[in-house]
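This text leads through a structure step by step, from a whole chain to the relation between copies, then to one sheet and the cysteines. Please keep the sequence and the 3D view at hand while reading.

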Protein chains: 2
Amino acid sequence: MKASQFFVSTLKEAPADAEVVSHKLMMRAGMIKRLGAGIYNYMPMGLRVIRKVESIIREEMNRAGAVELLMPVVQPAELWQETGRFDKMGPELLRVKDRHDRDFIIQPTSEEVITDIARQELRSYKQLPKNFYHIQTKFRDERRPRFGLMRGREFTMKDAYSFDRDVATATVSYDAMFAAYQRIFDRFGLQYRAVAADTGAIGGDRSHEFQVIADTGEDAIVYCPTSDYAANIELAEGVALLAARGAATQALTKTPTPGKSTCEDVAALLGLPLTQTVKSLVLATDEKSESGDIIKSTVWLLLVRGDHELNEVKAGKLDGLKAGFRFATVAEIEDHFGCKPGYLGAIGLKKPVKVVADRTVAQMSDFVCGANEADFHFTGANWGRDLPEPDVIADIRNVVAGDPSPDGKGVLAIQRGIEVGHVFLLGTKYSKDMNATYLDETGKPQLMVMGCYGIGVTRILGAAIEQSHDERGIIWPDAIAPFSVVLCPIGMDRSEAVKEAAVRLHDELQALGVDVLLDDRGERPGAMFADWELVGVPHRVVISDRGLKEGQLEYQGRRDAEASKVAVADVVAHLKARLKA
Amino acid sequence: MKASQFFVSTLKEAPADAEVVSHKLMMRAGMIKRLGAGIYNYMPMGLRVIRKVESIIREEMNRAGAVELLMPVVQPAELWQETGRFDKMGPELLRVKDRHDRDFIIQPTSEEVITDIARQELRSYKQLPKNFYHIQTKFRDERRPRFGLMRGREFTMKDAYSFDRDVATATVSYDAMFAAYQRIFDRFGLQYRAVAADTGAIGGDRSHEFQVIADTGEDAIVYCPTSDYAANIELAEGVALLAARGAATQALTKTPTPGKSTCEDVAALLGLPLTQTVKSLVLATDEKSESGDIIKSTVWLLLVRGDHELNEVKAGKLDGLKAGFRFATVAEIEDHFGCKPGYLGAIGLKKPVKVVADRTVAQMSDFVCGANEADFHFTGANWGRDLPEPDVIADIRNVVAGDPSPDGKGVLAIQRGIEVGHVFLLGTKYSKDMNATYLDETGKPQLMVMGCYGIGVTRILGAAIEQSHDERGIIWPDAIAPFSVVLCPIGMDRSEAVKEAAVRLHDELQALGVDVLLDDRGERPGAMFADWELVGVPHRVVISDRGLKEGQLEYQGRRDAEASKVAVADVVAHLKARLKA
């Protein structure tokens, strides 16, 4: 393609509202253009990347036996009422009424519609397994859209849904999708990690996130460099860091800690390691009547080691907290502990409190905790002697780098990642709500077992840039670059030789199926180079009169420190060797 | 592809709500599945056709120098308020509020958004001309969605927008799009006609509709078989059918015509040809104050020959009617004519009425018209003698087959058509409203001149089927068929020879790039043939043990009356010769 027939539009400065580097670079490279909060035009340069991403996804989904269809953007509310999501989902579900005042939604995903298709179309066990997918515009009315395509409101997603006879075959379907996702992300040329994820409220059996590695990622990815273990921080299992509880060696001592309400401050004041302190977090659960009034509230004290953080997802899986919890109010805290927050502990409670100790805390001895009296802590606290054994011992903390891997095969490391894909064994959640059954060999209706598999198509662009850029701009992997090769002729308008060589190389590469752009805009070399470094085209060839006189062109890979000279006759072979996709 | 890896779902009967043949056949062939009124899932079989249509459009748009981008489905209302369309458009514009109570629309087209892009991106005359297009989901909240994909609410449209310096260059852009559309529709393999269309309220310079010919089409297409003339019925020019006005030969005579209120009845009663009668239509226009109150109304009498029909679009272009008209009320008619409708005429009016005569009526003599007295008509009426010359003489009727072509090169014929494409020279309507200017050579801002160019992607499917089907099902042209060739092996599960031959032929055709489907579902031959005739695959090869013993396969084109035997060794060459796309 020639640049004059395309649309190149770069900016020197990113708009002020662009907060992250991928957003800034996509705006500057003319890939996207803001239309409203979280709503972008995909400009020609950006659309080329999207199409390449979609094309790789489509090929691998088809190869894995999934069948493409297309479900509508505007969907009737009825199906969403069948699963209850029409009411349960928050304002992120964009609801709209048509001219007849009937309710519709703008789809954020399509579980309901695909399940409706499946319950009509898949009637017999002979038709299973089946996996349908579509690549379609989605909308989520984020409260605070930001970061460009990373957290937009309108976006493109590939969502696939598998239907199976039972969990065993559904697991096969799940594994096939997992493998397809690995091929997809391999082909993108991105560094990524598939990590086990929490199955959350849906409570399916398996769930993995595909995370693109990037220092700026919102998610913490936990992995073991010496084994296969990988999970997101919500799920990664924290083992007890003490093999057994040590014997008590100190007396319980109430110590003044005026104004020191954090473990860090207390440890510093007392000259003790932070790992000797215990952090108190107070939650509450409410029992409600049928009319929704609170009948009874229970207060919970969750204890993690001073250097650890509570993992709310893990806490939310405990019996008694599963149905939902909240942080306790100051009034509730004072009522139960007789003390304001900052000096709380499990010793000398005024009213009954359910005490949950993290696995590590349960093994601690001679520890420091709040004395339930403002400006005082205890040192030398010991389970069984100074306070009762905890009601519950559980893994309720975030793991930290250096923790033993739960598979026993090394220690954990933590990376930042951007979630761009998710595979999930849904089970019968939707098929139960919507009565999606098939007839088994005996003619008996059985619920279909479902899986769902998403890839954030437009988010891939943001994640790829967060992973790979420099001070000059984007560095695309070959497979999803807007163009694989850019030809930069110098003085094409003045030199017939340059023009002829550039056009010939362009035509030859194009005939070979190379996605090549000839920059015939007539820009100065500096501006031309800056544009293509900003846009991030992985391979550049400069054609100049001086070079041609020596029979040479200049090649530079986007990651190369400097250009290298290549004989005119060798340049196609050179490019073919360098092109990975 | 193998059918077992795809999704084939046919129905014996169409659902009761499918009114037209294309809707019935698409439902029966499993191409679409209804989700709500005017909202369809595009099932795998239908999506394949859509993708082929899109792909042809994309190739030809790119070849014509248009650049693809993608504008959002959900668009902020602000831009639509700039052009006033947010308020002016009726309830077919789906309006929605986000969580912050801000107004958005679900796009029916994208003039506003593309003009917003253009006014930011196209700053200099050097950047013009430019043509941007996208292929995107659209929504129009039709009051009565029907006919499947012919008048759906959610649909896919390709819309392109050209930006030019002036009308001269915009006309070049328009003509390039016109030529691209001809290539696109040629490649689809559909019978179509490009017809001149009315430019309507927007009042641009040029407009053509691309109509797929089908007896069931909603539109009447006027054309001259012996010249290039083609226009839609709204625009097609009606010439005077009488070269000059004849001399009066009869006296004006009031004749009783009791109960005969139509020209047909009066002509029959009087034993005169219908072409001797004049039909009266009474319109009214209102002059309004700034507050919208009616200050003054004017009554108009429009006269067409008894066998002709009023063309309201043409009437709406007359001075005095341009700003809008309505049909007069019975009270207004009685007030001005002293008579109820059915017996009206221009002779002996009680109050001033503006009289508009069609070109043919203005040349008539000795004609029959209402006497402005219930149950009476005049015969022998003559302009100038019995009533004043008309205030206005104009073309205000629909042409009929057999009329002289306005280019003088033959007589007109009329066909039915389905509008699937529209090219329109918009002029500066949107650029003026949105102040979309570029700087000319002198640095002076000038309004961009726009064109817009649409193709109803999903509507193409309906139109193609309306044009081409039989009692067994759809007959797709090669280029947009879901599969080009279907291989039907008989007894594949029993015969290794059949299986081996079928798989070999499948693999060979696939390697040649032929879009082939191998039906490995194990259906009975009758059911298998019926399915593929219903789906409309253009080429079928049957592989059977009996045939293989004779070294032959059976080929049948979808339009062929019967199958023909082809030697196994020749079948690929035979197919290649038959395949048009």
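A residue is called buried here when its relative accessible area is under 20%. By that cut-off, 56% of the 581 residues of chain A count as buried. The model is predicted, and the values that follow are computed from it.

Chain A is a fair place to begin. Its C-alpha atoms fill a box of roughly 90 × 70 × 50 Å along the principal axes. Within chain A there are 16 helices and 31 strands. Among contacts in chain A between residues at least 6 apart in sequence, 69% join residues at least 24 apart. The accessible surface of chain A is about 23800 Å², and 49% of this area belongs to carbon and sulfur atoms.

Next comes the relation between the chains. Chain A is superposed on chain B by a rotation of 180° with 0.1 Å of shift along the axis, at an RMSD of 0.2 Å. This is the relation of a two-fold axis. The C-alpha of chain A nearest that axis belongs to A:Val96, at 2.8 Å from it. Both copies use the same surface, as 100% of the contact residues of chain A recur in chain B.

One sheet in chain B can be followed strand by strand. It is an open sheet of five strands in the order 16-14-15-17-20, and its pairing is mixed. Strand 16 (326–327) and strand 20 (392–394) of chain B are at the edges with a single partner strand each, so one side of each has no neighbour in the sheet. In general, strands of a sheet pair through backbone hydrogen bonds, in a parallel or an antiparallel sense. Strand 15 (residues 294–305) and strand 17 (residues 354–358) of chain B are paired in the parallel sense, over four bridges. Opposite B:Val355 in strand 17 of chain B stands B:Leu301. Helix 9 (residues 330–337) of chain B lies across strand 14 (278–288), strand 15 and strand 16 of chain B, and runs at about 75° to strand 15 of chain B.

The cysteines remain. How many disulfides does a search of the whole structure find? It finds zero over all chains. For A:Cys369, the closest cysteine sulfur is that of A:Cys263, and the distance of 9.6 Å is too far for a bond, since a disulfide needs sulfur atoms within 2.5 Å. A:Cys369 also counts as buried, at 3% relative accessibility. In the other chain, B:Cys224 is buried with a relative accessible area of 2%.

Key:
Residues numbered from 1 in each chain as written. Chains lettered and ligands numbered in written order. Predicted model: local features only at pLDDT ≥ 70, side-chain atom pairs only at ≥ 80, totals over all residues. Heavy atoms only, no water. Pairing = 2+ DSSP bridges. Helix = DSSP H or I, 4+ residues; strand = E, 2+ residues; numbered from the N terminus. Contact = heavy atoms within 4.5 Å. Axes fitted to C-alpha atoms, helices over the stretch in contact; angles between N-to-C directions. Buried < 20%, exposed > 50% of the residue type's maximum accessible area, 1.4 Å probe, protein only. Least-squares fit on C-alpha atoms with pLDDT ≥ 70 in both. Areas by Shrake-Rupley, 256 points an atom, 1.4 Å probe, with all protein chains shown as cover.
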